[in-house]
Amino acid sequence: MNFKEIDKIIKSIKRLDDEKKVYLERMEKLEEKKGTITDIVYNKIKGDYDKKIETLNAEIYPLVEQLAVQKSEVESMLNEIEEELAEVNIKKEEIQVRCDLGEFSQEKADEMIKALDDENKERFDLFNKLKDYSEKMDEVLQTNILMQENSTPDFEEPDVYVEDIEDKTAGNNMEDVTPDDIDESFETKTGIQTGISNAVDMEDGTVFDPSLVDNKEGKTMLIRQPKLEIIAGGNIGTEFRLKLGTTNIGNDESNDIIIDNPTVEFKHAQIVFEPEGFKIYDFNSEKGVYVNGVKVTEYVLNIGDIITLGNVQLKFKE
């Protein structure tokens, strides 16, 4: 484990975070002045600050990703060492109990326990060091999650809807429309109202869902279901397409996504498609669910997030 590299990443993130906080505070002050200054001045200053915050985010995000990966490695090492030290502590407990039962003196028991401590000193020291670093990394990652939530603009609906796909719709009959036709016509994944009442899976993983309708104009969106890709702890590169509903994850065959790894539990996690996006929930697992190195009970996933279940890491991707 390269602790110097972790220190370097944390130092860089904190420096950029401090600079970002300054601009976020200035943005708050600017909002307070909004009614007392001209729109031209307000928009110019706001534009400058938005660009600066966007630039800082572009620098921070890759570092946060690196730190999240390092955090997952630290957690894996902690789990391994914790299991080893648990065995050592059991041996020490056994020695003391045998001493209490009169098999040997307390002096002899102390000698034996000290010998075990000395033998495993490096492991104990490494465990404590990893635990300290885990807490430091948690703090930095959690701070960035909160800052991201506070600085994320409200979602705006796309400006472009597919009003018509000439020569392809045949009277709004989607049977004549292929995903390639839509991709060639528009870069955005938007569609037309067809009279279809149920979500339809298309060949490229896109789902045509008429339940997502714009109230004003009755337009229907096409949604591409995201995927999870194993990047560590299993068959690296294996991908799983999420459902527009509930996707259960665990090592049992009853799950939608089955991960054959002993550190992944029977039913470990669940991902649900909700109005705000795909949200992951912990199934009260013993080892927990981590997103970007931070333990969560529920979390709305963003593209690029790293999910850790036991020793397995999965990337949330398009």
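A nonpolar core is a set of buried Ala, Val, Leu, Ile, Met, Phe, Trp, Tyr and Cys residues joined through side-chain atoms within 4.5 Å. Buried means under 20% relative accessible area. The exercises below apply to a predicted model.

**Exercise 1. The cores**

Find which residues touch the most other members of the largest nonpolar core, and which element gives the largest share.

Solution.
- Step 1. The largest nonpolar core has 51 residues.
- Step 2. Within this core, L67, L228, I280 and L309 touch the most other members.
- Step 3. Helix α2 supplies the largest share, 12 residues.
- Step 4. Another core lies apart from the largest one. It has five residues, including I95, A109, I113 and L116.
- Step 5. Take I280 and set aside its neighbours within four places in sequence. Its contacts are then A269, Q270, I271, V289, V291, T297, E298, Y299, L301 and I307.
- Step 6. For the whole chain of 318 residues, 40% count as buried.

**Exercise 2. Two helices**

Classify the packing of α2 and α3 as roughly parallel or roughly antiparallel.

Solution.
- Step 1. Helix α3 spans residues 106-119, and α2 spans residues 39-100.
- Step 2. The packing angle is about 175 degrees, and the axes are 9 Å apart.
- Step 3. Angles over 145 degrees count as roughly antiparallel.
- Step 4. The pair α2 and α3 is therefore roughly antiparallel.
- Step 5. On the α2 side, V88, K91, K92, I95, Q96, C99 and D100 make the contact. On the α3 side, Q106, A109, M112, I113, L116 and D117 do.

**Exercise 3. A serine in α2**

Decide whether S72 counts as buried or exposed, and list its contacts beyond four places in sequence.

Solution.
- Step 1. S72 sits in helix α2.
- Step 2. Its relative accessibility is 3%. The cut-off for buried is under 20%, so S72 counts as buried.
- Step 3. Leaving aside neighbours within four places in sequence, S72 is in contact with T308 and Q313.
- Step 4. The side chains of S72 and T308 also share a polar contact of 3.1 Å.

**Exercise 4. The six-stranded sheet**

Give the strand order of the open sheet of six strands, and identify the strands at its edges.

Solution.
- Step 1. The order reads β5-β4-β14-β13-β10-β11, and the pairing is antiparallel.
- Step 2. The edges are β5 (239-241) and β11 (294-296). Each has a single partner strand, so one side of each is left without a neighbour in the sheet.
- Step 3. From one strand to the next, the twist averages 30 degrees.

**Exercise 5. Around β4**

Work out how many bridges β4 makes with β14 and with β5, and name bridge partners.

Solution.
- Step 1. Strand β4 covers residues 227-232 and β14 covers residues 312-317. They pair in the antiparallel sense over five bridges.
- Step 2. K227 has K317 of β14 as its bridge partner, while I230 has L314.
- Step 3. On the β5 side, the antiparallel pairing with β4 runs over three bridges.
- Step 4. There, E229 stands opposite E239 of β5.
- Step 5. The hairpin of β4 and β5 has six residues between the strands. In this hairpin, G233 takes a positive phi near 85 degrees.

Notes: Residues are numbered from 1 along each chain as its sequence is written. This is a predicted model: local features need pLDDT of at least 70, side-chain atom pairs count only at pLDDT 80 or more; totals for chains, interfaces and linings use all residues. Side-chain values use heavy atoms; hydrogens and water are left out. Two strands pair if DSSP finds at least two bridges between them. Helices (H or I, at least four residues) and strands (E, at least two) are DSSP runs, numbered from the N terminus. Axes are lines fitted to C-alpha atoms, for helices over the stretch in contact, and angles run from 0 to 180 degrees between N-to-C directions. Buried means under 20% relative accessible area, exposed over 50%, partly exposed in between (1.4 Å probe, protein chains only). A polar contact is a pair of N or O atoms within 3.5 Å; within protein, one must be able to donate a hydrogen and the other to accept it, and residues adjacent in sequence count only if both atoms are side-chain atoms. Contact means heavy atoms within 4.5 Å. Angles under 35 degrees count as roughly parallel, over 145 as roughly antiparallel, 65 to 115 as roughly perpendicular and the rest as oblique.
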